[in-house]
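Trainee: I'd like to learn how to read a structure feature by feature. Can we go through one together?
Mentor: Sure, let's put it on the screen and start.

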Amino acid sequence: MLKNQFLRRRQRGITLLESMVAIVVMALGILGILGVQLRTLADTQTGVRRAQAIRLIEDLSERIKVNPNGLASLNSYVTTWGVVGGTIPSCTAGCTSTDLAVHDIDFWKKNVAATLPSGDANIFLVADETVAANRRQLGVMISWRANERMREGETTADTNAYKAVFATASTGTAGVSCPDGRICHLQYIQPNSRCSPYTLGGTANPQVFCP
(Lines give C-alpha, C1' and ligand atoms only; values in the text may rest on other atoms or scores of the structure.)
Protein backbone atom coordinates (compact mmCIF):
# COMPACT_ATOMS: atom_id res chain seq x y z
CA MET A 1 0.00 0.00 0.00
CA LEU A 2 2.73 2.43 0.99
CA LYS A 3 4.76 1.35 -2.01
CA ASN A 4 1.95 2.18 -4.42
CA GLN A 5 1.44 5.61 -2.88
CA PHE A 6 5.18 6.30 -3.17
CA LEU A 7 5.16 5.34 -6.88
CA ARG A 8 2.16 7.57 -7.58
CA ARG A 9 3.96 10.50 -5.91
CA ARG A 10 7.07 9.89 -8.08
CA GLN A 11 4.98 9.79 -11.27
CA ARG A 12 3.00 12.93 -10.49
CA GLY A 13 5.23 15.29 -12.64
CA ILE A 14 5.77 13.06 -15.68
CA THR A 15 2.68 14.24 -17.61
CA LEU A 16 3.64 17.90 -17.15
CA LEU A 17 7.17 17.24 -18.37
CA GLU A 18 5.93 15.40 -21.45
CA SER A 19 3.52 18.24 -22.21
CA MET A 20 6.31 20.82 -22.00
CA VAL A 21 8.53 18.78 -24.34
CA ALA A 22 5.64 18.44 -26.82
CA ILE A 23 5.01 22.19 -26.71
CA VAL A 24 8.69 22.95 -27.38
CA VAL A 25 8.81 20.52 -30.31
CA MET A 26 5.58 21.97 -31.73
CA ALA A 27 6.91 25.52 -31.35
CA LEU A 28 10.10 24.63 -33.21
CA GLY A 29 8.06 23.06 -36.00
CA ILE A 30 5.81 26.12 -36.30
CA LEU A 31 8.83 28.44 -36.41
CA GLY A 32 10.33 26.33 -39.19
CA ILE A 33 7.09 26.48 -41.18
CA LEU A 34 6.89 30.26 -40.69
CA GLY A 35 10.47 30.64 -41.95
CA VAL A 36 9.65 28.69 -45.10
CA GLN A 37 6.47 30.70 -45.61
CA LEU A 38 8.31 34.02 -45.26
CA ARG A 39 10.94 32.96 -47.78
CA THR A 40 8.24 31.76 -50.18
CA LEU A 41 6.40 35.05 -49.77
CA ALA A 42 9.58 36.98 -50.59
CA ASP A 43 10.14 34.87 -53.71
CA THR A 44 6.52 35.36 -54.77
CA GLN A 45 6.78 39.11 -54.27
CA THR A 46 9.93 39.20 -56.41
CA GLY A 47 8.07 37.34 -59.16
CA VAL A 48 5.20 39.83 -59.00
CA ARG A 49 7.61 42.76 -59.22
CA ARG A 50 9.32 41.17 -62.23
CA ALA A 51 5.96 40.70 -63.96
CA GLN A 52 5.21 44.38 -63.34
CA ALA A 53 8.58 45.31 -64.84
CA ILE A 54 7.79 43.27 -67.97
CA ARG A 55 4.45 45.06 -68.39
CA LEU A 56 6.18 48.43 -68.00
CA ILE A 57 8.66 47.53 -70.74
CA GLU A 58 5.79 46.46 -73.00
CA ASP A 59 4.19 49.86 -72.36
CA LEU A 60 7.43 51.58 -73.40
CA SER A 61 7.56 49.51 -76.57
CA GLU A 62 4.01 50.59 -77.44
CA ARG A 63 4.88 54.23 -76.83
CA ILE A 64 7.79 53.99 -79.26
CA LYS A 65 5.54 52.29 -81.78
CA VAL A 66 2.97 55.11 -81.85
CA ASN A 67 5.65 57.78 -82.19
CA PRO A 68 5.47 58.83 -85.88
CA ASN A 69 9.25 58.62 -86.16
CA GLY A 70 10.08 56.55 -83.10
CA LEU A 71 12.14 53.93 -84.88
CA ALA A 72 14.44 56.56 -86.36
CA SER A 73 14.62 58.43 -83.03
CA LEU A 74 15.73 55.61 -80.74
CA ASN A 75 18.58 57.75 -79.43
CA SER A 76 15.98 60.15 -78.00
CA TYR A 77 14.74 57.37 -75.69
CA VAL A 78 18.14 56.75 -74.14
CA THR A 79 18.21 57.69 -70.45
CA THR A 80 20.31 56.81 -67.41
CA TRP A 81 19.28 56.13 -63.81
CA GLY A 82 17.38 58.97 -62.18
CA VAL A 83 14.98 61.57 -63.46
CA VAL A 84 14.90 62.81 -67.03
CA GLY A 85 16.94 65.99 -67.31
CA GLY A 86 16.29 69.13 -69.30
CA THR A 87 13.02 70.76 -70.26
CA ILE A 88 10.13 68.33 -70.61
CA PRO A 89 7.81 69.33 -73.49
CA SER A 90 4.08 69.15 -72.79
CA CYS A 91 3.12 68.06 -76.34
CA THR A 92 -0.43 69.28 -75.72
CA ALA A 93 -0.34 71.49 -78.81
CA GLY A 94 1.80 69.15 -80.90
CA CYS A 95 5.53 68.50 -80.92
CA THR A 96 8.27 66.80 -82.91
CA SER A 97 9.01 63.09 -82.65
CA THR A 98 12.07 63.88 -80.54
CA ASP A 99 10.00 66.00 -78.13
CA LEU A 100 7.41 63.25 -77.97
CA ALA A 101 10.13 60.75 -77.07
CA VAL A 102 11.38 62.94 -74.20
CA HIS A 103 7.81 63.48 -73.01
CA ASP A 104 7.07 59.73 -73.13
CA ILE A 105 10.25 58.80 -71.26
CA ASP A 106 9.52 61.31 -68.49
CA PHE A 107 5.95 60.04 -68.08
CA TRP A 108 7.07 56.39 -68.30
CA LYS A 109 9.84 56.70 -65.71
CA LYS A 110 7.41 58.37 -63.29
CA ASN A 111 5.12 55.38 -63.84
CA VAL A 112 8.03 53.03 -63.06
CA ALA A 113 8.71 54.89 -59.81
CA ALA A 114 5.02 54.75 -58.87
CA THR A 115 4.61 51.04 -59.69
CA LEU A 116 7.76 49.53 -58.14
CA PRO A 117 9.30 50.32 -54.73
CA SER A 118 11.95 52.97 -55.44
CA GLY A 119 11.64 51.97 -59.10
CA ASP A 120 14.06 53.34 -61.67
CA ALA A 121 15.06 52.52 -65.25
CA ASN A 122 18.02 52.76 -67.58
CA ILE A 123 17.46 52.69 -71.35
CA PHE A 124 20.51 52.20 -73.54
CA LEU A 125 21.50 51.49 -77.11
CA VAL A 126 22.66 47.97 -77.92
CA ALA A 127 26.43 48.04 -78.11
CA ASP A 128 26.82 45.99 -81.30
CA GLU A 129 24.52 48.27 -83.33
CA THR A 130 26.91 51.04 -84.33
CA VAL A 131 25.12 52.49 -87.39
CA ALA A 132 22.73 55.16 -86.11
CA ALA A 133 20.33 54.89 -89.03
CA ASN A 134 20.13 51.11 -88.76
CA ARG A 135 19.50 50.58 -85.05
CA ARG A 136 16.68 48.17 -84.28
CA GLN A 137 17.02 47.40 -80.55
CA LEU A 138 16.98 49.09 -77.19
CA GLY A 139 18.12 47.65 -73.90
CA VAL A 140 15.90 48.37 -70.90
CA MET A 141 16.98 47.67 -67.32
CA ILE A 142 14.45 48.31 -64.56
CA SER A 143 15.55 48.24 -60.93
CA TRP A 144 13.69 48.33 -57.63
CA ARG A 145 14.59 48.16 -53.98
CA ALA A 146 15.59 44.76 -52.68
CA ASN A 147 13.55 44.10 -49.53
CA GLU A 148 15.32 40.88 -48.57
CA ARG A 149 16.59 40.92 -45.01
CA MET A 150 19.59 39.03 -43.73
CA ARG A 151 18.47 36.09 -41.63
CA GLU A 152 19.91 35.39 -38.19
CA GLY A 153 23.24 33.63 -38.45
CA GLU A 154 23.52 34.36 -42.19
CA THR A 155 26.66 35.97 -43.58
CA THR A 156 26.84 38.65 -46.24
CA ALA A 157 28.15 36.06 -48.69
CA ASP A 158 25.10 33.87 -48.01
CA THR A 159 22.73 36.78 -48.66
CA ASN A 160 24.52 37.73 -51.87
CA ALA A 161 24.40 34.12 -53.05
CA TYR A 162 20.65 34.02 -52.47
CA LYS A 163 20.14 37.25 -54.42
CA ALA A 164 22.45 36.17 -57.25
CA VAL A 165 19.58 34.51 -59.14
CA PHE A 166 17.84 37.90 -59.30
CA ALA A 167 20.89 39.68 -60.76
CA THR A 168 20.74 40.65 -64.40
CA ALA A 169 23.00 39.35 -67.11
CA SER A 170 25.91 41.41 -68.36
CA THR A 171 25.14 44.09 -70.95
CA GLY A 172 28.58 43.71 -72.46
CA THR A 173 30.26 46.83 -73.75
CA ALA A 174 27.09 48.84 -73.12
CA GLY A 175 28.37 49.01 -69.55
CA VAL A 176 24.99 49.09 -67.77
CA SER A 177 24.87 47.26 -64.44
CA CYS A 178 22.34 46.76 -61.67
CA PRO A 179 22.85 49.20 -58.76
CA ASP A 180 23.96 47.75 -55.43
CA GLY A 181 21.23 46.64 -53.05
CA ARG A 182 18.59 46.43 -55.78
CA ILE A 183 16.88 43.80 -57.91
CA CYS A 184 16.90 44.34 -61.67
CA HIS A 185 15.16 43.05 -64.76
CA LEU A 186 16.95 43.34 -68.10
CA GLN A 187 15.13 43.03 -71.39
CA TYR A 188 15.88 43.95 -75.00
CA ILE A 189 13.06 45.27 -77.15
CA GLN A 190 12.79 45.60 -80.92
CA PRO A 191 10.59 48.65 -81.57
CA ASN A 192 8.79 48.86 -84.87
CA SER A 193 7.14 51.81 -86.56
CA ARG A 194 3.37 51.92 -86.77
CA CYS A 195 3.50 55.09 -88.90
CA SER A 196 5.26 55.68 -92.21
CA PRO A 197 6.32 58.87 -94.02
CA TYR A 198 3.77 60.39 -96.37
CA THR A 199 5.71 62.48 -98.88
CA LEU A 200 2.86 63.82 -101.02
CA GLY A 201 3.07 67.19 -99.27
CA GLY A 202 6.76 67.54 -100.21
CA THR A 203 9.68 68.33 -97.97
CA ALA A 204 8.13 71.65 -96.94
CA ASN A 205 5.06 69.89 -95.56
CA PRO A 206 6.20 66.51 -94.21
CA GLN A 207 3.44 64.24 -92.96
CA VAL A 208 3.11 60.72 -91.70
CA PHE A 209 0.54 58.06 -92.37
CA CYS A 210 -0.64 55.85 -89.51
CA PRO A 211 -2.97 53.03 -90.63
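**Reading charges, rings and surface**

Mentor: Let's start with a lysine: Lys-109 has a relative accessibility of 8%, so Lys-109 counts as buried. Keep in mind that this is a predicted model.

Trainee: Which side chain meets Lys-109 in a salt bridge?

Mentor: The general idea is that side chains of opposite charge can pair when their charged atoms come close. Here the partner of Lys-109 is Asp-120, at 3.6 Å from N to O. Lys-109 sits in helix α3 and Asp-120 in strand β1, so this pair ties together parts that are 11 residues apart in sequence. Asp-120 counts as buried too, because its relative accessibility is 18% and the cut-off for buried is under 20%.

Trainee: What else does the side chain of Lys-109 touch through a polar contact?

Mentor: The side chain of Thr-79, at 3.4 Å. Thr-79 is found in the loop between α2 and α3 (97–115), and its 9% relative accessibility makes it buried. If you skip the neighbours within four places in sequence, Thr-79 is in contact with Val-84, Ile-105, Lys-109, Asn-122 and Ile-123.

Trainee: Back to charges. How many salt bridges does the structure hold?

Mentor: There are five. Another one is in helix α3, where Asp-106 and Lys-110 both lie, four residues apart, which is about one turn of the helix. Their side chains meet at 3.2 Å, N to O.

Trainee: Are Asp-106 and Lys-110 buried or exposed?

Mentor: One of each. Asp-106 is buried, with a relative accessible area of 14%, while Lys-110 is exposed at 56%.

Trainee: Where do I find a salt bridge that links distant parts of the chain?

Mentor: Look at Arg-63 and Asp-104, whose closest N and O atoms are 3.7 Å apart. Arg-63 belongs to helix α2 and Asp-104 to helix α3, with their positions 41 residues apart in sequence. Both residues are buried. Asp-59 comes in as well: salt bridges with shared partners join Asp-59, Arg-63 and Asp-104 into one network.

Trainee: On to rings, then. How many aromatic pairs turn up in a search of the whole structure?

Mentor: The search finds one. In general, you describe a pair of aromatic rings by the distance of the centres and the angle of the planes. In this model, Phe-124 and Tyr-188 are 6.0 Å apart, centre to centre, with 85° between the planes, and that counts as edge-to-face. Phe-124 is in strand β1 (residues 120–125) and Tyr-188 in strand β3 (residues 182–189), so the pair links distant parts of the chain, 64 residues apart.

Trainee: How much relative accessible area do Phe-124 and Tyr-188 have?

Mentor: Phe-124 has 6% and is buried. Tyr-188 has 36% and is partly exposed.

Trainee: Strand β3 also holds Arg-182. Which residues is Arg-182 in contact with?

Mentor: Beyond its neighbours within four places in sequence, the contacts of Arg-182 are Ser-118, Gly-119, Asp-120, Ser-143, Trp-144, Arg-145 and Ala-146. You'll recognise Asp-120 as the salt-bridge partner of Lys-109. Sequence distance and spatial distance are worth reading side by side: Arg-182 and Trp-144 are 38 residues apart in sequence, yet 5.6 Å apart in space, C-alpha to C-alpha. Arg-182 is partly exposed, with a relative accessible area of 23%.

Trainee: And the surface? Which residues form a nonpolar patch there?

Mentor: Leu-17, Val-21 and Val-25 do, with about 290 Å² of accessible area together. Val-21 is in helix α2 (residues 14–66), and its relative accessible area of 48% makes it partly exposed. For the protein chain overall, the accessible surface is about 13,600 Å², and 59% of that belongs to carbon and sulfur atoms.

Trainee: Let's zoom out. In what order do the elements run from the N terminus?

Mentor: The order is α-α-α-β-β-α-β-β-β, which comes to four helices and five strands. The chain has 211 residues, and 29% of them count as buried. Now take the contacts with a separation of 6 or more: 69% of them are between residues 24 or more positions apart.

Notes:
Residues are numbered from 1 along each chain as its sequence is written. This is a predicted model: local features need pLDDT of at least 70, side-chain atom pairs count only at pLDDT 80 or more; totals for chains, interfaces and linings use all residues. Side-chain values use heavy atoms; hydrogens and water are left out. Helices (H or I, at least four residues) and strands (E, at least two) are DSSP runs, numbered from the N terminus. Buried means under 20% relative accessible area, exposed over 50%, partly exposed in between (1.4 Å probe, protein chains only). Contact means heavy atoms within 4.5 Å. Accessible areas come from the Shrake-Rupley method with a 1.4 Å probe; for residues, only the protein chains shown count as cover. Patches are made of residues with over 30% relative accessible area and no salt bridge: like charges are joined within 9 Å, nonpolar side chains (Val, Leu, Ile, Met, Phe, Trp, Tyr) within 5 Å. A salt bridge is a side-chain nitrogen of Lys or Arg within 4 Å of a carboxyl oxygen of Asp or Glu. A polar contact is a pair of N or O atoms within 3.5 Å; within protein, one must be able to donate a hydrogen and the other to accept it, and residues adjacent in sequence count only if both atoms are side-chain atoms. Rings of Phe, Tyr and Trp (its six-membered ring) pair if their centres lie within 6.5 Å; planes under 30 degrees apart count as stacked, over 60 as edge-to-face and the rest as tilted.
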